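This report covers overall measures, one sheet and the salt bridges of a single protein chain. The starting point is a pair of charged side chains.

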Amino acid sequence: MSKVNVYTGGEYAKLDQLPLQRDWMDITFDRHAYQCFPVSLSNRIGWGVSYPEDIAFVWDGVNDSTADHVKILSGEKYLHTGRGNRTISFNTDLTFYLESGEDWSILTMPAPNYFIRGAQCITTVISPTALQGEIPIAWMITEPNVEITIPAGTPIASLVPISLSEIQNYPVSVKNGKPPYEDDSWNEKMRARGDKSQELNMSGKWTHFYRDAVDHLGNAMGGHEAKKIVMKVDYEFEQD
């Protein structure tokens, strides 16, 4: 995939790689949540879309096609309610463009491991070459009569570049039985790794066996495609 260009007037949404940190992870005991490698890795998947001001809205519980039932309480210039059906749309002013004209898509999904009561980003797949306009992002409101607030700087969505042609008809075969690596020695190794993990965890230490792809003795055991995710954003103009 070639370099992606994004055009913006700079007055609405900001685009950055999603951060590692999450407020709810910070307050777990001894920041334990960050020791979970699958969670920490996924936190940084995608470019995050955020706004410089708090955004707040409330839905009155009526679900129809009119725009009358979602009230914007703050951040009005970033939102519009014309979609109806208990949804709210965000003005992003972010237009994606690839000069080579290659076919690729943007997966828009909830920013991983951010949780806001009462609403959630709607997942979509968009082709920038067909859209030729700002990327649309909408949220579905799931709880009526609750003031929903998105604090300034909180990503409202994760944008992930994907190739639909690469995953089209991707085969998976479901087989009866056990995988080839599962034998008596593997079972013994997994039991030993589990016992060692329990011992270390009970003493307040972290094993990192899965993160490091090793067994309880430190021997290689499989591997990872990547151990960190880097998605660069270069601003070619001065930001406020």
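## Arg211, Asp212 and Lys227

In this predicted model, Arg211 has a relative accessible area of 30% and is therefore partly exposed. The neighbouring entry in the account is Asp212, which is also partly exposed, at 33%. The two side chains form a salt bridge, with an N to O distance of 3.0 Å. Since the class of partly exposed residues runs from 20% to 50%, both values fall inside it.

The pair does not stand alone: a network of salt bridges links Arg211, Asp212 and Lys227.

## Other salt bridges

How many salt bridges does the count come to? The count is seven, and two further examples are described here.

One of them joins Asp26 and Arg31, whose closest N and O atoms are 2.9 Å apart. Asp26 is partly exposed, with a relative accessible area of 29%. Arg31 is likewise partly exposed, at 40% relative accessibility.

Another joins the side chains of Arg191 and Glu188, at 3.1 Å from N to O. Both residues belong to helix H5, which covers residues 184–202. They are three residues apart there, so about one helical turn separates them. Arg191 has a relative accessible area of 49% and counts as partly exposed, and Glu188 falls in the partly exposed class at 44%. The cut-off for exposed is over 50%, which is why Arg191, at 49%, is still classed as partly exposed.

## Overall measures

The secondary structure consists of six helices and 14 strands. The C-alpha trace spans about 65 × 45 × 45 Å along its principal axes. Of the 240 residues in the protein, 33% are buried.

The protein exposes about 15000 Å², and carbon and sulfur atoms supply 50% of that area. Among contacts between residues at least 6 apart in sequence, 65% join residues at least 24 apart.

## The sheet S5-S4-S13

Three strands make up an open sheet with antiparallel pairing, in the order S5-S4-S13. Which strands stand at the edges? They are S5 (70–74) and S13 (148–150). Each has a single partner strand, so one side of each has no neighbour in the sheet. From one strand to the next, the twist averages 25°.

Strand S4, residues 55–59, pairs with S13 in the antiparallel sense over three bridges. On this side, Ala56 has Thr149 as its bridge partner, and Ile55 has Ile150. The pairing between S4 and S5 is also antiparallel and runs over four bridges. Here Trp59 stands opposite Val70 of S5.

## Burial of strand S4

Is S4 mostly covered or mostly open? Strand S4 is mostly covered, with five of its five residues buried. In a regular strand, side chains alternate between the two faces of the sheet. In S4, one side carries Ile55, Phe57 and Trp59, while Ala56 and Val58 lie on the other. These residues are all buried, and both faces of S4 are covered.

The bridge partners add to this picture. Ile55 and Ala56, on opposite sides of S4, have Ile150 and Thr149 as their respective partners in S13. Trp59, on the side with Ile55 and Phe57, stands opposite Val70 in S5.

Technical notes:
Residues numbered from 1 in each chain as written. Predicted model: local features only at pLDDT ≥ 70, side-chain atom pairs only at ≥ 80, totals over all residues. Heavy atoms only, no water. Salt bridge = Lys/Arg side-chain N within 4 Å of Asp/Glu carboxyl O. Buried < 20%, exposed > 50% of the residue type's maximum accessible area, 1.4 Å probe, protein only. Helix = DSSP H or I, 4+ residues; strand = E, 2+ residues; numbered from the N terminus. Pairing = 2+ DSSP bridges. Axes fitted to C-alpha atoms, helices over the stretch in contact; angles between N-to-C directions. Contact = heavy atoms within 4.5 Å. Areas by Shrake-Rupley, 256 points an atom, 1.4 Å probe, with all protein chains shown as cover.
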